[in-house]
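Subject: Handover of a structure and its findings

Dear colleague,

Please find below the structure that I am handing over to you, together with its sequence. I would be grateful if you kept it open while reading the notes that come after it.

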Amino acid sequence: MSTRTTALTAATAALAAIALGLTGAPSTASTNPACGTVASPDTRVEHTRLADPTVTDILARSGFDDVAGAVRTAVCDAGSSRAATAAARLAGQDLWQRAVDRVQGRGDAGGDLPRSETTGARSSGELARPLAPSEGVTVRSADDRPLYWARLAGELEIARVAPAYRTWSEDARAKVLAAFDRSSRGIESTAFARDESGRSRQVLASGFDPFTLDRNIRQSNPSGATALAMDGRVVQTAKGPVEIQTVVFPVLWEPFAQGIVERAFLTHLIPGKRDVDTAITISQGRAGRFDLEVWNGAHRGTFPDNDRVSVNETIPIPEDLPHADPQPQWTRTTLPVEAMKAAVPGTFPVNINRVVTEIPAGSTAPVTREDPTPGSTAVAGGGGDYLSNESAYRTTALRDALRADTKQGHIHVPVLDGDASGEPLADMRADIVAQAVDLVAAAATS
């Protein structure tokens with residue numbers, strides 16, 4: 001990084017800290033006098049957007065503006081690098097659960113930003129257990145943005161804090177950051193309840209962070225909202241209960257290259273220890289419709305991620321993860337897409353998408369068609385060549401490498417519209433979430 005770039009990054013990070021009220025003592029500041037501040041913290045483009053007043057407003061109106069101070073306190077008071085990693089992991093888990101609770105209508109609303117409310121019967125017990133939307137549960141709002149921006153604010157504090165640990169180093173800081181990030185995405189809390197009856201079906205599903213934030217800083221991602229709305233829930237269906245655990249992935253190329261997707265799903269797919277029946281990746285796709293993607297391609301394209309990074313290459317699979325050799329150009333859904341489409345009437349039409357873009361064997365020119373041809377090179381799967389396609393490719397390639405018989409594939413939810421200011425339409429998001437939950441339940445029970 002050049003001196004000029006470093007200076008700009010540090011200056012922007014400082015602006016972000018000012019915007020969040022972090023330049024002085026945070027609201028839950030550590031009393032440890034030896035806990036200082038890094039003058040020029042190593043931050044990413046995502047962190048610079050924290051300076052935007054809209055972000056400050058989202059955090060304040062959701063009540064999540066105390067997260068950064070709490071994270072700083074946890075790291076400052078830990079006493080050692082190892083303890084700081086453990087404290088960051090717990091802080092991330094708390095943030096995840098707090099976001100889930102807010103979306104699912106539990107606990108203190110913590111501000112006037114609209115929160116989710118569900119209606120319909122619930123049974124008592126540790127988990128919230130709504131009926132399926134078609135049986136009386138509706139979701140009015142499910143805002144995923146407080147989780148996203150609070151996570152970044154916590155990361156910024158970890159980047160800028162300077163504890164007086166003997167063993168504190170930049171490598172230690174990286175481990176603390178990784179622990180906080182992973183746990184705040186739900187990846188540390190995907191354990192399923194023990195079902196003695198054997199009737200419950202288990203689903204692991206994923207959504208994504210907001211993206212295209214340079215176009216609209218108010219952006220929400222309905223796939224992330226769906227993940228928060230489903231996490232830990234048991235949906236009652238005519239064919240028995242469906243328990244759903246979820247995670248939310250970053251819109252960043254590098255964590256995908258490091259295997260964040262496979263590592264989140266792997267523990268649930270290992271032969272002999274498999275505890276899921278269905279694994280589904282979910283992302284925002286096209287306007288006005290749901291797409292059940294049939295084919296996933298092995299190519300990642302050039303659209304920039306949330307750090308404005310672009311790539312153009314074959315999807316890289318870490319060597320330490322189960323994988324096929326040679327790497328397949330295409331993977332296919334094993335979701336019961338026809339049954340899902342037939343089972344779920346809703347606000348939006350449901351499309352089964354078989355379209356791919358390939359370079360046929362012996363050719364150099366890309367062709368768009370339904371279904372790949374033998375020996376072709378992938379250019380784009382049904383879900384395109386961005387991280388949505390990549391999440392589906394990685395999980396289904398992992399399934400095939402493990403020879404797992406799970407139902408796996410990808411759901412693209414409709415694009416979420418906004419009002420004149422760019423604020424997401426809460427009613428539209430609620431409709432998307434409700435129909436997505438129905439599709440997930442149908443996938444598990446068909």
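The notes below deal with helix packing, then with empty space, and lastly with backbone geometry. Please bear in mind throughout that this is a predicted model.

Helix packing

Two packed helices are described by the angle between their axes and the distance between the axes. Helix α6 (residues 145-160) is a convenient place to begin, and its contacts with three other helices are described in turn.

The partner to consider here is α3 (residues 53-62), whose axis comes within 9 Å of that of α6, with a crossing angle of roughly 110°. Angles of 65 to 115 degrees count as roughly perpendicular, and α3 and α6 are therefore roughly perpendicular to each other. The crossing of α3 past α6 is left-handed. On the α3 side the contact is made by Val55, Ile58, Leu59 and Ser62, and on the α6 side by Arg145, Pro146, Trp149 and Ala150. Six of these contact residues are nonpolar, one is polar and one is charged.

How do the axes of α5 and α6 lie relative to each other? Helix α5 (residues 81-103) packs against α6 at an angle of about 160°, and the two axes are 9 Å apart. Since angles over 145 degrees count as roughly antiparallel, α5 and α6 are therefore described as roughly antiparallel to each other. Their crossing is right-handed. Leu95, Trp96 and Ala99 of α5 touch Leu147, Ala150 and Arg151 of α6. This contact has five nonpolar residues, no polar residues and one charged residue.

With α7 (170-184), the axis of α6 comes within 10 Å and the crossing angle is roughly 170°. By the cut-off already given, α6 and α7 are therefore also roughly antiparallel to each other. Here too the crossing is right-handed. From α6, the residues in contact are Leu147, Arg151, Gly154, Glu155, Ile158, Ala159 and Arg160; from α7, they are Arg173, Val176, Leu177, Phe180, Asp181 and Ser184. By class, the contact has six nonpolar, two polar and five charged residues.

Empty space

Rolling a probe the size of a water molecule over the atoms shows where empty space is left. The largest pocket has a volume of about 780 Å³. Its lining is made up of 28 residues, and those nearest its centre are Leu177, Ala178, Asp181, Pro255 and Gln258. Two or more lining residues come from each of α2 (45-48), α6, α7, α9 (253-257) and α10 (260-266).

Which helix gives the most to the lining of this pocket? That helix is α7, with seven residues. Leu177 and Asp181 appear among the residues nearest the pocket centre, and both also belong to the contact of α7 with α6. The lining as a whole contains 11 nonpolar, four polar and 13 charged residues.

As for cavities, there are five of 30 Å³ or more. The second largest cavity holds about 90 Å³ of space. Its lining consists of Glu262, Ile317, Leu321, Pro322, His323, Ala324, Gln327, Pro328, Tyr393, Arg394, Ala397 and Leu398. Helix α12 (residues 387-402) gives the most to this lining, with four residues. By class, the lining residues are eight nonpolar, two polar and two charged.

Backbone geometry

Most residues other than glycine have a negative phi, and most peptide bonds are trans. Two places in this model deserve a look with that in mind.

What kind of peptide bond joins Asp325 and Pro326? The bond is cis, with an omega of about 5°. Pro326 is found in the loop between β12 (313-314) and β13 (330-332).

The other place is Asp371, which is not a glycine and yet has a positive phi of about 70°. Asp371 is situated in the loop between β16 (367-370) and β17 (377-380).

Yours sincerely,

A colleague

Technical notes: Residues numbered from 1 in each chain as written. Predicted model: local features only at pLDDT ≥ 70, side-chain atom pairs only at ≥ 80, totals over all residues. Heavy atoms only, no water. Axes fitted to C-alpha atoms, helices over the stretch in contact; angles between N-to-C directions. Parallel < 35°, antiparallel > 145°, perpendicular 65-115°, else oblique. Left-handed = near helix turned anticlockwise from the far one by under 90°. Contact = heavy atoms within 4.5 Å. Nonpolar A, V, L, I, M, F, W, Y, C, P; charged D, E, K, R; others polar. 1 Å grid on protein atoms, 1.4 Å probe; cavity = no way out; pocket = protein on both sides within 12 Å on 5 of 7 lines; lining within 4 Å. Points joined across faces, edges and corners; volume = space filled by probe spheres on them.
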